[in-house]
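Reader: I would like a close look at one part of this model, namely how its charged side chains are placed and paired, with the surroundings described as far as they help.

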Amino acid sequence: MIHIVATWKIKPEYADSWPSLSKEFTEATRSEPGNRWFEWSRSIDDPNAYVLIEAFDDDAAGAHVNSDHFAKATAELPAYLAETPKIINTTVDQDEWSELGEMAVDA
């Protein structure tokens, strides 16, 4: 599985609107074959920062970066960014989330 974590610094005047500004791209990516998850979180320390956690089957990343919605997002979304997003991209030998055993909850 390809696992990606990216940090996005949004211009302050667009930070509250970021979920709606990125909605079309988010929904299209989530519907791609081979997409496992595509989840945004807003920083509790910096209200202008978002973290995107995404995962794809090993053979699905090429289709993602070559899709029409990816091209549209790369053309339109940078206008709302304060800086170029930072990314960690790795391949992991896993198919799903593992449990964090140290924080186990008895159901």
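What is the relative accessibility of D46, and does D46 count as buried or exposed, or as something in between?

Author: The model is a predicted one, and the values below are computed from it. D46 has a relative accessibility of 21% and therefore counts as partly exposed, because the buried class is reserved for residues under 20% and the exposed class for those over 50%. The side chain of D46 meets that of K9 in a salt bridge, with 2.8 Å from N to O. This pair links distant parts of the chain, since K9 belongs to strand β1 while D46 sits in the loop between β2 and β3, 37 residues apart. K9 is likewise partly exposed, as its relative accessible area is 32%.

Further pairs can be described in a similar way, the total being eight salt bridges. R30 is joined to E39, where the closest N and O atoms are 3.6 Å apart; R30 counts as partly exposed at 41% relative accessibility, and E39 is partly exposed with a relative accessible area of 42%. E83 pairs with K86, and here the closest N and O atoms are 3.4 Å apart. E83 has a relative accessible area of 37% and is partly exposed, as is K86 with 47%. In addition, R36, D57 and E96 are joined into one network by salt bridges that share partners.

E96 itself lies in the segment after β4 (86–91), and its relative accessible area of 46% makes it partly exposed. Leaving aside residues up to four places away in sequence, E96 touches M1, R36 and W37. From V51, which is 45 residues away along the chain, E96 is separated by 19 Å between C-alpha atoms.

E54, a residue of strand β3, deserves separate mention. E54 is buried yet has no salt bridge, and the nearest side chain of opposite charge, that of R30, is 9.9 Å away. That separation rules out a salt bridge with R30, because the rule asks for a side-chain nitrogen within 4 Å of a carboxyl oxygen. The neighbours that E54 does touch, not counting residues up to four places away in sequence, are I2, H3, I4, W37, F38 and H64.

The strands that carry some of these residues also contribute to the nonpolar interior. In soluble globular proteins, nonpolar side chains tend to be buried together. The largest nonpolar core here has 13 residues, of which W8, I10, W18, W40 and Y50 touch the most other members. Strands β1 (2–9), β2 (35–42) and β3 (49–56) each supply at least two residues of this core. For W40, with residues up to four places away in sequence left out, the contacts are W8, W18, S22, T26, Y50, V51 and L52.

As to the record, an unreviewed UniProt entry lists residues 2–89 as "domain: ABM". Over residues 2–89 the chain is 30% helix and 32% strand, with the end C-alpha atoms 7 Å apart. To return to your question, D46 is partly exposed, and its partner across the salt bridge is K9.

Note on methods: Residues are numbered from 1 along each chain as its sequence is written. This is a predicted model: local features need pLDDT of at least 70, side-chain atom pairs count only at pLDDT 80 or more; totals for chains, interfaces and linings use all residues. Side-chain values use heavy atoms; hydrogens and water are left out. A nonpolar core is a set of buried Ala, Val, Leu, Ile, Met, Phe, Trp, Tyr and Cys residues joined through side-chain atoms within 4.5 Å. Buried means under 20% relative accessible area, exposed over 50%, partly exposed in between (1.4 Å probe, protein chains only). Helices (H or I, at least four residues) and strands (E, at least two) are DSSP runs, numbered from the N terminus. Contact means heavy atoms within 4.5 Å. Lys and Arg count as positive and Asp and Glu as negative; His and the chain ends are not counted. UniProt positions are given in the numbering used here, feature names are shortened, and annotations may be inferred rather than shown by experiment.
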